[in-house]
Amino acid sequence: MSATPGTRVGGRILVDALRLHGVDRLFCVPGESYLDVLDALYDTPQIAVIVAKHEGAAANMAEADGKLTGRPGICFVTRGPGATHASIGVHTAYHDSTPLILFVGQVERDVRGREAFQEVEFRQMFAPLAKWVAEIESADRIPEYVLRAFQVATSGRPGPVVLSLPEDVLAEESAACDTNPYEAVQAAPQDRDLAALRDELQKASKPLLIVGGSSWSEAGCAALARFAESNALPVLASFRRQDLIDNRHACYAGHLSLGLPPFLQQRVKTADLIIALGSRLGDVTTMTYSVLKPPRVAARLVHIHPDANEINRVYQADLPIVAAPSAAAVRLAETPPVESSRWRDWTGTARREYEKFVAAPEKSPRQGVDMAVVIRHLATQLPVDTLIANGAGNFTVWVHRFFTYKMPHTELAPTSGAMGYGFPAAVAAALRFPDRLTVCVAGDGDFLMYPQELATAAQYGARLLVLIVNNGMYGTIRMHQERRFPGRVSGTELASPDFVGLAQSFGAYAERVDTTEGFAPALERALAAPRSAVLELRVDPNQITPDRRIS
Ligand SMILES: Cc1ncc(C[n+]2csc(CCOP(=O)(O)OP(=O)(O)O)c2C)c(N)n1
Ligand SMILES: [Mg+2]
């Protein structure tokens, strides 16, 4: 429908704004609440519209796209039912500091507050989940709100923004003018910060660099490696930030993950200088604030974070620096290195301990596929730029321990611990990088959250490989259950479908693998398939972690 000359309808203004801010793809499930947006997209071939089959998946896809590109992932959903489904992606984007904008169709302005059909007060609903949430109350102000949404999502500590769009605002005509494209603004360290940090290093004998956070650029990651190398600093990755430094680097010393092994606990506890670069030093990274006890840690603490609100929030920093991690890393790499010979052993031992840890678990499973062998095979055989996605479950323990991440932005894993993240994230990754290999490793429970997204992958020609680690249970919860209520299995069993038949029904190549030896040839066949492939790996339910058996 054409608008009065000199005006555009709200939906058109909004889509023009998306284009202007560089959007080339969005993820959605349609709703009658935002028909004007869909109609504007009809004439906007520059924006690919990926229709997921569940808003939780759509939001996870958008979150993953944001993680991979550093630009806001874009998601559109409808009122109450759509927005409640999509909320998981907002939560993950918040925890993961990922730029994301969720647009929600809303009821018309003049019925607001009556509990109209599917009405929800989104400003309240998303208040604790999003970095910013707003409702656009007139078409005239769409450009202003959209610019602010991009700005907020990408600046400082990136995060999710939710914009609620009353249906009649999208249909309203307006002569509103477009804005300039957004520009993410990030703080950089000051000269005196760098000098003070160098002083701290000069006084240290057991320094430790803990890296984390988002908004890292390739240049920032390269600078991080140079800084660590020239100062011989051991580097630990925060929870699910393992791709910030090549895991084969001599300075890389491990991952601060769930079930932290004693050698890593010890490493953190005995450091006399901790440089947290980009990391919040969150719950999982600090083993629920135990290896680093707030508010004052035993070591000297240099805390570099893009958000001033994170400084002295939990840990008292001896040297607080508000800076984007990449900007800080680039400046640190330019700073003359300090004399590091006194901690050469400390760093060498840290690396050797890590190498021993990832070499081999003490116990291999009594039956089924050995996941340690599988993940090590992937680590050595797949291209270095392979994208690895996962959700939550004990199967991720093998992934995080035995995979070697080699390039920035190759790890798609939710620090929020959301099950169901990995597969939609992998679909988004395969669409963003069609020439690279994307592998999703999912638990049986994890995969069953959004198996229908096989249809989305097929619909848009996303080619990826899914490994379903089938142990017939919600293993993580069973593990916790066995610890607290031994032998009383309750609510943690899982009856699987025929995964091979399921995947084939969506047009994917699929096979079941029952033995460790069967994996490598099955992988070859799967990778040779001209479409997405699913391998169901039957694993020993008794082998609950690489080192532990339920029995
Ligand atoms: C959306 C969501 N629901 C529930 C949980 C709690 N939870 C964490 S791991 C897990 C079990 C995962 O099962 P599966 O994917 O089969 O992996 P396994 O632990 O068996 O390897 C559950 C239920 C969660 N983290 N996220
Ligand atoms: Mg399972």
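Me: Why does Thr386 count as buried?

Reply: The relative accessibility of Thr386 is 2%, and buried means under 20% relative accessible area, exposed over 50% and partly exposed in between, with a 1.4 Å probe and protein chains only, so Thr386 counts as buried. This is a predicted model, in which local features need pLDDT of at least 70 and side-chain atom pairs count only at pLDDT 80 or more, while totals for chains, interfaces and linings use all residues. Residues are numbered from 1 along each chain as its sequence is written, chains are lettered from A and ligands numbered from 1 in the order in which they are written, and side-chain values use heavy atoms, with hydrogens and water left out.

Me: What makes the link between Thr386 and Pro383 a polar contact?

Reply: A polar side-chain atom of Thr386 is 2.6 Å from the backbone oxygen of Pro383. A polar contact is a pair of N or O atoms within 3.5 Å, where within protein one must be able to donate a hydrogen and the other to accept it, and residues adjacent in sequence count only if both atoms are side-chain atoms. The distance of 2.6 Å therefore falls within the 3.5 Å limit. Thr386 itself sits in the loop between helix 13 (371-381) and strand 15 (387-390); helices (H or I, at least four residues) and strands (E, at least two) are DSSP runs, numbered from the N terminus.

Me: Which residues does Thr386 touch, not counting those up to four places away in sequence?

Reply: Thr386 touches Thr410, Leu437 and Val439, where contact means heavy atoms within 4.5 Å.

Me: How do you know which residues coordinate the magnesium ion (ligand 2)?

Reply: Asp444 (OD), Asn471 (OD1) and Met473 (O) coordinate the magnesium ion at 2.0 to 2.2 Å. Donors are N, O and S atoms within 2.8 Å of the metal (3.2 Å for Na, K and Ca), so these atoms qualify, although water is not among the atoms and sites may look incomplete. Along the chain, the donors follow the spacing D-x26-N-x1-M. Asp444 in helix 16 (residues 444-447) and Met473 in the loop between strand 18 (465-470) and helix 18 (475-484) stand 29 residues apart, and this pair links distant parts of the chain.

Me: Are Asp444 and Met473 buried or exposed?

Reply: Asp444 has a relative accessible area of 2% and Met473 one of 6%, so under the threshold already given, Asp444 is buried and Met473 is buried as well.

Me: What surrounds ligand 1?

Reply: Ligand 1 is surrounded by 16 residues, of which Asn394, Gly417, Asp444, Asp446 and Gly475 are the closest; a residue is near a molecule if one of its heavy atoms lies within 4 Å of it. Oxygen atoms of ligand 1 lie 2.7 Å from a polar backbone atom of Asp446, 2.9 Å from a backbone N or O atom of Met473, and 2.7 Å from such an atom of Gly475. Of the 590 Å² of accessible area that ligand 1 has on its own, the protein covers 77%, with areas from the Shrake-Rupley method and a 1.4 Å probe. Helix 16 and helix 18 are the elements that give two or more residues to this shell.

Me: Why is Phe433 called partly exposed?

Reply: Phe433 has 25% relative accessibility, and because this value lies between the limits for buried and exposed, Phe433 counts as partly exposed. Phe433 belongs to the loop between helix 15 (422-432) and strand 17 (438-443). Beyond residues up to four places away in sequence, Phe433 touches Leu68 and Leu387, and its C-alpha atom is 9.6 Å from that of Leu68, 365 residues apart along the chain.

Me: How do you know where Ser326 packs, and is Ser326 buried or exposed?

Reply: Ser326, in helix 11 (residues 325-334), has a relative accessible area of 9%, so Ser326 is buried. The side chain of Ser326 reaches the backbone nitrogen of Ser217 at 2.7 Å. Leaving aside neighbours within four places in sequence, Ser326 is in contact with Ser215, Trp216, Ser217 and Gly220.

Me: What is notable in the backbone at Leu281 and at Pro295?

Reply: Most residues other than glycine have a negative phi, and most peptide bonds are trans. Leu281 is not a glycine, yet has a positive phi of about 60 degrees, and at 1% relative accessibility Leu281 counts as buried. The peptide bond from Pro294 to Pro295 is cis, with omega near 0 degrees.
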